[in-house]
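Hello,

Here is the structure I promised to pass on to you. Have a look at it first, and then read on for what turned up in it.

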Amino acid sequence: MTDPSDSGVVSLSYALIKEKCPVFLSVYDEVLRLTSGIATVRYTMQDTLINDTWLLKKGAQVQMPTAYIHTDPSTWGADADQFDAERFLETKVKRLGREERVKRNAAFRPFGGGNVMCPGRYFTSHEVFGFVATILLGWDMEPSGGREWKVPDMDRSKLPLTSLKPQGDVKVRLLRRGGWEKKVFE
Ligand code: HEM
C-alpha cells in the first residue's frame, strides 16, 4: 500500500487493510461462511432444554454442522446459498434489525465458538490478507486457456478439517501489473 511509482519494497499493513478495504474483509467472511465444512462438537454437561422444545440429555454429543447453520435462510435471508461479496459490509449489516444482527453473529461459526474458539484465526487472517492483497496489487490475473472463468465446485465428498476444498485446480495466468513489475513484496 505505497505509491507504485516508488521503487523497491512494498510492505503491506494488516491494520490499513482492515481500515481501508471493507469489501475485501466482507469477501473474506463470505468465503468462510460458504466454504466452512466442519461441525462444532460439544458434550452436554446437564439436561438442557432448548427453545422450550428440544431436550438434550446430559452426556449427549451435539454436532452443529456449519454447512447448515451458515446457509439457513431464516438467518441469512432468501439468498443464503448465494455468494454475496457485500453481505458482511458494516454499512449493510448496520441496516439489519438488532435481532437479525445478533442471530447472524451467533450463527457465523467458521472458527467455532466459546472458550475453545480457534486461537489461530488472527494468524490465518494475517496470512490470507497479506497473500491475497499482494496478488491483487502486484499482478493481473486471467483464466488460463480462454476468456471464461471456470470455478470448480466445492468437494463435498470429503470431510475437511476446516474449509471445503475445490474439486479441482483453479487455473490462472498471472502477469505482473503495469508499473508494479519491479516491486518486491514483504
Ligand atoms: C481458515 C483457517 C482456520 C479455520 C477455519 C479454523 C477453524 C477452527 C475450528 C472450527 C476450531 C474448533 C473450535 C470449536 O470447537 O469451537 C478450531 C480450533 C483450533 N484451531 Fe483453528 N482454524 C483455522 C486455522 C488455525 C490455525 C492457523 C491455527 C494455529 C496456528 C489453529 C489452531 C487451532 C487450535 C489450537 C484449536 C483448538 C482450540 C481449543 O480446543 O481450545 N487454527 N479451528
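E186 is exposed, because its relative accessible area of 64% is over the 50% cut-off. You will find E186 in the segment after β8. Please keep in mind that this is a predicted model. Once residues up to four places away in sequence are set aside, E186 touches V9, V10, S11 and L12. The C-alpha atoms of E186 and G130 are 8.9 Å apart, with their positions 56 residues apart along the chain.

Two prolines make a nice pair to look at next. P160 sits in the loop between β6 (139-143) and β7 (172-176). Its relative accessible area is 15%, and because buried means under 20%, P160 counts as buried. Apart from neighbours within four places in sequence, P160 is in contact with G37 and I38. From P160 to A39 the C-alpha distance is 9.8 Å, although the two are 121 residues apart along the chain.

The other proline, P65, belongs to strand β5 (residues 61-65). P65 is partly exposed, with a relative accessible area of 38%. Its contacts, again leaving out neighbours within four places in sequence, are I38 and A39. So I38 is a partner of P160 and of P65. P65 and R109 are 44 residues apart in sequence, and their C-alpha atoms are 9.5 Å apart in space.

Now for the helices. How far apart are the end C-alpha atoms of α2? They are 20 Å apart, and this agrees with the 20 Å that its 14 residues should span at 1.5 Å a residue. Helix α2 covers residues 22-35. Its buried residues are F24, L25, S26, Y28, E30, L32, R33, L34 and T35. They pack against α1, α4 (73-76) and α7.

Helix α7 passes the length check too: its 18 residues should span 26 Å at 1.5 Å a residue, and the end C-alpha atoms are 25 Å apart, which agrees. In α7 (121-138), the buried residues are S125, F129, A133, T134, I135 and G138. Among the elements that cover them are α1 (14-20), α2, β6, β7 and β8 (184-185).

If you like pockets, there is one to explore. The largest pocket holds about 1500 Å³ of space. Elements that give two or more residues to its lining are α2, α7 and β7, and α2 gives the most, with 7 residues. In total 32 residues line the largest pocket, and V27, V31, T35, V132 and V170 lie nearest its centre. T35 is also one of the buried residues of α2. Sorted by class, the lining has 25 nonpolar, 5 polar and 2 charged residues.

Finally, there is the metal. Which protein atom is the donor to the iron atom of the ligand? It is the SG atom of C118, 2.2 Å away, and this is the single donor from the protein. C118 lies in the loop between α6 (98-107) and α7.

Enjoy looking around, and write back with any questions.

Best wishes

Notes:
Residues numbered from 1 in each chain as written. Predicted model: local features only at pLDDT ≥ 70, side-chain atom pairs only at ≥ 80, totals over all residues. Heavy atoms only, no water. Helix = DSSP H or I, 4+ residues; strand = E, 2+ residues; numbered from the N terminus. Buried < 20%, exposed > 50% of the residue type's maximum accessible area, 1.4 Å probe, protein only. Contact = heavy atoms within 4.5 Å. Donors = N, O, S within 2.8 Å, 3.2 Å for Na, K, Ca; no water. Expected span 1.5 Å × (residues − 1). 1 Å grid on protein atoms, 1.4 Å probe; cavity = no way out; pocket = protein on both sides within 12 Å on 5 of 7 lines; lining within 4 Å. Points joined across faces, edges and corners; volume = space filled by probe spheres on them. Nonpolar A, V, L, I, M, F, W, Y, C, P; charged D, E, K, R; others polar.
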